[in-house]
Amino acid sequence: MDPSRKRTLRLVVALGAALILAGALIYTSFSASTEASTPSQVVASAEPGRSYELTGKVARQSVARDDDRLRFVIRDRDGKAAVPVSYEGVVPDPFREGREVIVSGEMKNGTFVAERDSLVTKCPSKFTKEQTVNRGT
Amino acid sequence: MAGIGSACLFAGLLTAVYAAGASLYGVRAGNAAFVISGRRAIYCLAALMLGATAVLQSAFLRSDFSYALVAEGSSTDTPTFYKVTAMWATQDGSLLLWALLLSLFASAVLFLTRRSLRGIAPYATAVLAIVAGFFLLLMVGWENPFGTLANPPAEGGGLNPLLRHPAMMIHPPMLYTGYVGFSIPFAFAVGALITRNTGADWIRATRRFALVAWTFLGTGIMLGALWSYTELGWGGYWAWDPVENASLMPWLVGTAFLHSIMVQEKRGMLKIWNVCLIIATFVLALLGTFLVRSGILDSIHAFGASTIGVQFLVFIALVVVGSTALVISRLPYLRSEARLDSLLSREAFFLLNNLVLVALCLVIFWGTFFPLISEAVTGTEASVGPPWFNRLTTPLALVLVLLMAIGPVVSWRRISPAGLLRAFMWPVLGALLTLLVALALTPAGERPLALLMSCFAALVLAVVVQEFWRGASARRTISGDPWPRALSRLVARNRRRYGGYIAHAGIVVLFLGVAGSSAFLEQRDVRLSPGDTFKSGGYDITYERATATLGEDRAGSGAPITFGAVLRARDEDGKTFTLRPSRNFYPTQDASKGAIGRFFEGEATSEVDVRWGLRRDLWTAIRPDISALEGPIREANAKFGNSSGDVQALVIAALAERYRRDPAPATFRAIVSPLVSWIWIGGGIVLLGALIAAWPSPEARLRRVRSLYSARLGRDLRAEPS
């Protein structure tokens with residue numbers, strides 16, 4: 001093969017590989033993603049079998065242990081809607097009532113059943129300026 | 001005192017502006033005095049930043065709570081080690097650290113190149129001064145670390161307990177050193193582009209800085225992983241958290257850069273690619289700093305919601321637009337001096353390895369920013385989790401390891417099929433042997449990807465050993481040295497090459513650790529009362545008794561109360577050992593919890609206990625249930641709320657003792673993960689290899705002395721009246 005055709009061929013192969021990778025990236029990310037939602041959104045319109053990433057505050061006096069499962073209620077920031085959560089797995093150190101958390105899972109019979117180990121606690125309030133201001137709430 | 005600090009910052013800003021202006025004017029007008037003055041202004045900037053840091057550090061050490069930063073992030077009961085390091089736990093403090101490190105690095109490189117690179121260096125000085133100026137502007141304008149409080153509190157907030165871990169305190173400076181270090185090759189690349197001096201000079205002058213930056217960044221990432229493994233209480237070392245990704249991305253592109261510059265040095269190719277890589281690395285480093293500080297993506301690291309997000313974005317956009325325009329305008333000067341002769345050549349494999357590294361970075365970038373992308377496309381914020389990252393990065397990592405095996409033995413320009421056979425016969429046999437051994441003796445057959453990884457890793461290690469063996473035996477033939485001497489002289493004479501091989505070996509050892517620990521991890525979460533036993537990964541683990549200690553935290557983090565457990569573990573061979581996982585309780589300043597209650601209801605952190613081993617680790621953590629103490633704590637709050645400190649201490653001791661005698665069932669997590677230690681060992685080997693490669697070689701020193709000598713000679717000749 002003459003060199004210039006060889007180079008064109010290489011370029012085509014490289015571009016093809018790049019396109020396949022980009023396609024895989026876009027396809028897998030959109031199909032595997034979990035939607036971020038608030039308790040009111042989940043309560044209003046959760047489809048069964050779809051996974052959601054629930055963000056909100058842990059309601060006061062709601063945390064209870066039930067054998068190996070942790071049960072608590074997540075509220076909207078403005079406190080309108082609330083969803084009971086059933087969670088299994090490791091609980092992050094800064095987890096407390098009244099703190100903002102993120103947890104992934106799906107709705108089953110009115111309860112948000114969380115994926116194992118998916119609980120993330122947002123920054124501990126004590127160490128951020130913004131939340132120090134809000135501590136009274 | 002705070003005034004002196006602020007003054008240092010303000011003077012620093014002016015100095016940076018002057019340095020940029022003087023260097024640019026000097027080189028444009030051909031006035032050497034201004035160029036020299038600009039360079040010296042950078043030294044001056046370093047001195048000012050050292051001064052500012054000294055002022056801030058002394059405030060931390062004296063616990064002077066009139067400084068907002070000290071009141072926020074330190075306290076009198078914070079251990080001294082953590083007082084010193086509390087500076088970079090805050091946003092303003094870490095900006096100062098950035099500026100300090102940048103000015104020190106810039107001074108070092110400008111001092112070393114003061115007699116060479118006459119054309120490029122002034123522009124590089126200006127670029128570095130502008131970057132430093134940006135950080136100073138942030139501090140002077142929005143986030144002054146020397147902000148003071150009119151009514152200083154009696155006690156500070158204390159350092160976040162989660163950050164009280166030795167690795168955590170070295171980790172940020174390491175990462176920042178890495179980020180900052182990459183600004184040096186970036187600045188010289190910009191200088192080279194502006195002056196149209198696009199040969200390999202700027203690379204030779206700064207590649208060691210790039211290597212040092214890469215080493216620091218890599219070490220920082222490893223320390224972060226170690227912190228996650230031993231402090232965060234979930235037992236993993238990598239979670240694809242946005243901020244972790246933010247540090248990995250510049251490292252990956254930096255790795256590609258370190259490899260592809262060799263192609264430019266040897267063959268004059270890939271010039272556009274190299275300047276693009278270093279620009280991308282620097283932008284990603286800025287982005288890393290921005291992500292940690294802006295809280296734009298939800299992350300456990302989002303310790304501070306930021307006020308400087310917009311400024312950062314504007315600066316990053318300016319850097320991207322400016323550099324892109326510069327590269328495009330200089331395209332005619334960036335033509336390759338040679339063409340790729342064959343796909344079976346070292347330069348082709350370097351290019352492939354580069355593409356894989358950049359692809360890895362792209363995947364991670366896409367996943368990290370996916371919440372923003374999806375919100376822009378579909379209107380709803382969605383995110384991808386660790387399984388997505390694992391699925392996409394694993395095949396790329398496998399290809400990368402395979403390329404690592406092939407690249408080093410393929411010759412420049414082209415290799416003949418016979419040469420290929422000669423180079424690969426032994427390594428391939430070694431890999432096949434590993435495959436058989438792994439299938440016969442370990443459960444690796446159940447996990448094809450892990451099995452494949454171990455075969456490729458064996459191939460890489462065999463190639464590295466073969467390279468050392470061939471080099472050393474060639475030396476032996478020539479000089480007749482004994483083996484050890486031949487080996488050490490071989491490495492000493494070719495530090496960059498053999499240091500690189502050692503780093504390769506370290507990386508595959510690390511990958512083996514990742515493959516083993518992610519494919520064969522066994523995790524149990526159980527609730528136990530004293531006396532109970534459970535099984536996990538071949539261990540019988542018995543919860544012997546509860547512990548409760550006051551002021552005896554092993555890690556020295558200053559926690560007043562520690563609840564824990566004594567576990568006895570027995571392995572398959574009947575060997576027993578003891579593990580003591582515990583949980584530290586830090587008092588809260590929240591008065592509503594009561595004088596006694598505040599000691600039990602503040603932050604708490606897991607202090608995990610790990611039995612380290614080459615074959616596997618046994619990792620344990622405990623979450624004690626102290627809800628039974630709530631009643632007594634309320635009572636104590638009412639009764640002893642106004643008592644003296646001594647009495648309250650006795651009451652706390654009595655409460656702790658109560659838990660120790662009659663503990664409620666506690667939750668334990670036990671993880672048996674094979675080969676996880678190899679990650680840290682591999683990281684250590686990479687560090688060793690990088691140090692060997694970065695260490696100045698005697699030849700280079702000789703070259704430098706010669707160039708200094710010839711420069712002086714040239715000056716003397718010119719000075720002579722003709």
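**Chain composition, nonpolar cores and helix packing**

Buried residues account for 33% of the 137 residues in chain A of this predicted model. The secondary structure of chain A consists of 3 helices and 8 strands, which succeed one another along the sequence in the pattern α-β-α-β-β-β-β-β-β-β-α. When contacts in chain A between residues at least 6 apart in sequence are considered, 46% of them link residues at least 24 apart.

In soluble globular proteins, nonpolar side chains tend to be buried together. The largest nonpolar core comprises 195 residues, of which Val253(B), Val460(B) and Val508(B) touch the most other members. The greatest contribution to this core, 17 residues, is made by helix H9 of chain B, spanning residues 201-231. With residues up to four places away in sequence left out, Val460(B) touches Val401(B), Met404(B), Ala405(B), His504(B) and Val508(B). A second core, separate from the largest one, contains 36 residues, including Ile596(B), Trp619(B), Ile633(B) and Ala656(B).

Helix packing in chain B was examined for the pair H10 (residues 242-267) and H13 (residues 346-368), whose axes lie 9 Å apart at an angle of about 160°. Because angles over 145 degrees count as roughly antiparallel, H10(B) and H13(B) are assigned to that class with respect to each other. The crossing of H10(B) past H13(B) is left-handed. By residue class, the contact of H10(B) with H13(B) involves 16 nonpolar, 7 polar and 2 charged residues.

Methods. Residues numbered from 1 in each chain as written. Chains lettered and ligands numbered in written order. Predicted model: local features only at pLDDT ≥ 70, side-chain atom pairs only at ≥ 80, totals over all residues. Axes fitted to C-alpha atoms, helices over the stretch in contact; angles between N-to-C directions. Helix = DSSP H or I, 4+ residues; strand = E, 2+ residues; numbered from the N terminus. Parallel < 35°, antiparallel > 145°, perpendicular 65-115°, else oblique. Left-handed = near helix turned anticlockwise from the far one by under 90°. Nonpolar A, V, L, I, M, F, W, Y, C, P; charged D, E, K, R; others polar. Core = buried A, V, L, I, M, F, W, Y, C linked by C-beta atoms within 7 Å. Buried ≥ 20, exposed ≤ 12 C-beta atoms within 10 Å, placed from the backbone. Contact = placed C-beta atoms within 7 Å.
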